[in-house]
Amino acid sequence: MYRTHNNGQLRATDINKEVTLSGWVQRTRDKGFMMWVDLRDRYGITQLIFDADRTSKELFEKASTLGREYVIQVKGTVIERQSKNPNLPTGDIEILVSELTILNKSKTPPFTIEDETDGGEDLRMKYRYLDIRRNPVRENLILRHKVTIAVRNYLSKKGFIEVETPYLIKSTPEGARDFVVPSRMNEGQFYALPQSPQTFKQLLMVGGLDKYFQIVKCFRDEDLRADRQPEFTQIDCEMAFVDQEEILNVFEGLTKHLLKEINGVEVSEFPRMTYDELMQRYGNDKPDIRFGMEFGELNEVTQHKEFNVFNQAELVVGIAVPGGNKFTRKEIDKLTDWVKRPQVGALGMVYCRYNEDGSFKSSVDKFYNEEDLAKWAEVTNAKPGDLICVLSGDKNKVRPQLSALRMHLAEELGLRDPKVFAPIWVVDFPLLEWDEDTQRYYAMHHPFTAPKPGQMELLATNPAEVKANAYDLVLNGNEIGGGSIRIHDKDTQAKMFKFLGFTEEDAKAQFGFLMDAFQYGAPPHGGIAFGLDRLVAILGGQETIRDFIAFPKNNAGRDVMIDAPAPIDDKQLQELHLKVEIKQ
Ligand code: ASP
């Protein structure tokens, strides 16, 4: 038997017991006549003591050879510890070792396996199996396990059935590029890996399963900006005979359940806001509403002055930064530079200090007097001591710019408290999205999303105005879920494909199976998918999903540990009927 107890288990009540423990050597302290070893496993750390007076010479010498991360087994007696460690659950005891077996030696690890490690990201990823020995990483993986179990139990209790759908499929349109897999048995043909199980879950509804879910890998070949992974996990769901309201209620219930189970937090009913309202109030369809700084539209109160920048702008919009009047001129200049960076792209920033004594001082004092500026304060809800930051320009540009500034400031001012959870439902999304580059409309969610009742006619006359039966769940500034009520009749689906630029043949070739299925009694249905990686990260009080994935890929989509992707040999290429030509 390798162990009678784990390393987080023994207490003062176990004193005098004979025990066997196994684990890794976290560190050793050798005083010449006395030696201590911290023995670690998943459950904790137990201190071992080798005492030259009380143990044999050979044992003591053997213990002196132990290095970091050696795997050992010891037998010994639980004794009371001289200097107790109140920070350690096992801190009242130690093991007086009588037998030591070295189960495996270890090279000196490339970074320290402690909570705060000296290993950089690349090194930790290359030796991820060592990284996983560290408490923070292991705890993240355990948290992920707890979340997935809670999800499965909750949905199963609500009558959902977990069904696996295939990975080797045909393209699914979620707006990204497909990863493709060549078929050996079908020369010149390729599978696509699912960007999501979208069409399959709809077919399960046609199949009458009524309530489906799956914790499933999805694959999207995108440029990996901002904390994305080419393969990621969704909690994917679909329901039949439901309207939007019922779907929102079930998944609000699930989210509340998780917040309570995992974080011990009770959240009351989630606010619902329309897409249009959010764009106006936060310039963003996934706003963090844990702090104020709502947008104030200033066109009316800035007009009729000589300041043409504002007069000519489609939108003049500001936010009040709480306590921002304390910023020095230099700090404000830095903010201006920040919004002018190409990533944000504003042309400049106007600011107005709201002094504690109630007076104002702005960067455009030449054009606006105190009375004018007081109106800015009113519109942006500013208080004495705040700083009002104002941007202007085209609506579609200036809103995301000010939204970026709002998030940047909230981060700087520490307003994004990871222990506070502020979920919202975003509803009434536009059905379509105009793309400047290709000069055409795309489905904002995906082509299976149903327009709001009675809006199909608008498609011909005013497509940008058509609203969809689509919704997102946003938590602390992150989209954690999104879904829609689907089109369930063949004619509407055919019309939608046509509008989105699919020829009849294309639509048939890509989605003929779905259109066929719709002819055999497809029930009204709808669903949602949550991004599990991000959800777990947020519940864990963080935003980087990589820390919650056992073996993540880096920003170039590489797994640096196994060194993938990698070339394949000629024989494999031949079998797959492929020839690789690398363009310089
Ligand atoms: N398939 C969608 C997605 O992956 C979610 C849904 O519509 O249910 O975003």
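Two strands pair if DSSP finds at least two bridges between them, and that is the sense in which strand pairing is used on this tour of a predicted model.

**Stop one: strand S13 and its partners**

Begin by selecting residues 315-321, which make up strand S13. All of them are buried, 7 of 7, so the strand is largely enclosed by the rest of the structure. Colour the two faces separately, since in a regular strand the side chains alternate between the two faces of the sheet. On one side of S13 you will find Leu315, Val317, Ile319 and Val321, on the other Val316, Gly318 and Ala320, and both sets are buried, which leaves both faces of the strand covered.

Now add residues 387-393, strand S16, which pairs with S13 in the antiparallel sense over 7 bridges. Which residue of S16 is the bridge partner of Gly318? Centre on Val390, which holds that position in S16. Then bring in strand S12, residues 296-297, which also runs antiparallel to S13 and is joined to it by 2 bridges. Here Gly296 is the residue that stands opposite Gly318, so that Gly318 has a partner in S12 as well as one in S16, as the pairing rule by bridges lets one see.

**Stop two: helix H16**

Select residues 532-539 next, which form helix H16, a mostly covered element in which 7 of the 8 residues are buried. The buried residues are Leu532, Asp533, Leu535, Val536, Ala537, Ile538 and Leu539, and it is worth noticing that an aspartate, Asp533, appears in this list. Beyond the helix, pick Gly541, which follows H16 and has a positive phi, near 75°.

**Stop three: salt bridges**

Side chains of opposite charge can pair when their charged atoms come close, and in this model the count of salt bridges comes to 39. Three of these pairs are worth selecting one at a time.

Show Glu69 and Arg40, whose side chains meet in a salt bridge at 2.5 Å, N to O. Glu69 lies in the loop between helix H1 (57-64) and strand S4 (71-80), while Arg40 belongs to strand S2 (residues 34-41), so the pair ties together parts that are 29 residues apart in sequence. Are these two residues buried or exposed? Both Glu69 and Arg40 are buried.

Move on to Asp276 and Lys467, which meet in a salt bridge at 3.3 Å, N to O. This pair links distant parts of the chain, with Asp276 in helix H7 (residues 275-282) and Lys467 in the loop between H13 and strand S20 (470-475), 191 residues apart. The partners fall into separate burial classes: Asp276 is partly exposed, at 41% relative accessible area, whereas Lys467 is buried, at 16%.

Stay on helix H7 for the third pair, in which the side chains of Arg281 and Glu277 meet in a salt bridge at 2.7 Å, N to O. Both residues lie in H7, 4 residues apart, or about one turn of the helix. Arg281 is partly exposed, with a relative accessible area of 25%, and Glu277 is likewise partly exposed, at 28%. Elsewhere, salt bridges that share partners join Glu121, Arg124, Arg128, Asp131, Arg134 and Arg546 into one network.

**Stop four: Lys452**

Select Lys452, which sits in the loop between strand S19 (440-443) and helix H13 (458-461). Its side chain makes a polar contact with the side chain of Asn469, at 3.1 Å. If neighbours within four places in sequence are set aside, Lys452 is in contact with Gln244, Asp428, Lys467, Ala468 and Asn469, and Lys467 is the residue that you have already seen paired with Asp276.

**Stop five: Phe190 and a surface patch**

Finish at Phe190, which is found in strand S8 (residues 190-192) and counts as partly exposed at 44% relative accessibility. Not counting residues up to four places away in sequence, Phe190 touches Val180, Val181, Pro182, Ser183 and Leu578. Show Val180, Phe190 and Leu578 as a surface, and they appear as a nonpolar patch with about 260 Å² of accessible area together. As a last step, draw a distance from Phe190 to Ser362: their C-alpha atoms are separated by 61 Å, and the two residues are 172 apart along the chain.

Notes: Residues are numbered from 1 along each chain as its sequence is written. This is a predicted model: local features need pLDDT of at least 70, side-chain atom pairs count only at pLDDT 80 or more; totals for chains, interfaces and linings use all residues. Side-chain values use heavy atoms; hydrogens and water are left out. Buried means under 20% relative accessible area, exposed over 50%, partly exposed in between (1.4 Å probe, protein chains only). Contact means heavy atoms within 4.5 Å. A polar contact is a pair of N or O atoms within 3.5 Å; within protein, one must be able to donate a hydrogen and the other to accept it, and residues adjacent in sequence count only if both atoms are side-chain atoms. A salt bridge is a side-chain nitrogen of Lys or Arg within 4 Å of a carboxyl oxygen of Asp or Glu. Patches are made of residues with over 30% relative accessible area and no salt bridge: like charges are joined within 9 Å, nonpolar side chains (Val, Leu, Ile, Met, Phe, Trp, Tyr) within 5 Å. Accessible areas come from the Shrake-Rupley method with a 1.4 Å probe; for residues, only the protein chains shown count as cover.
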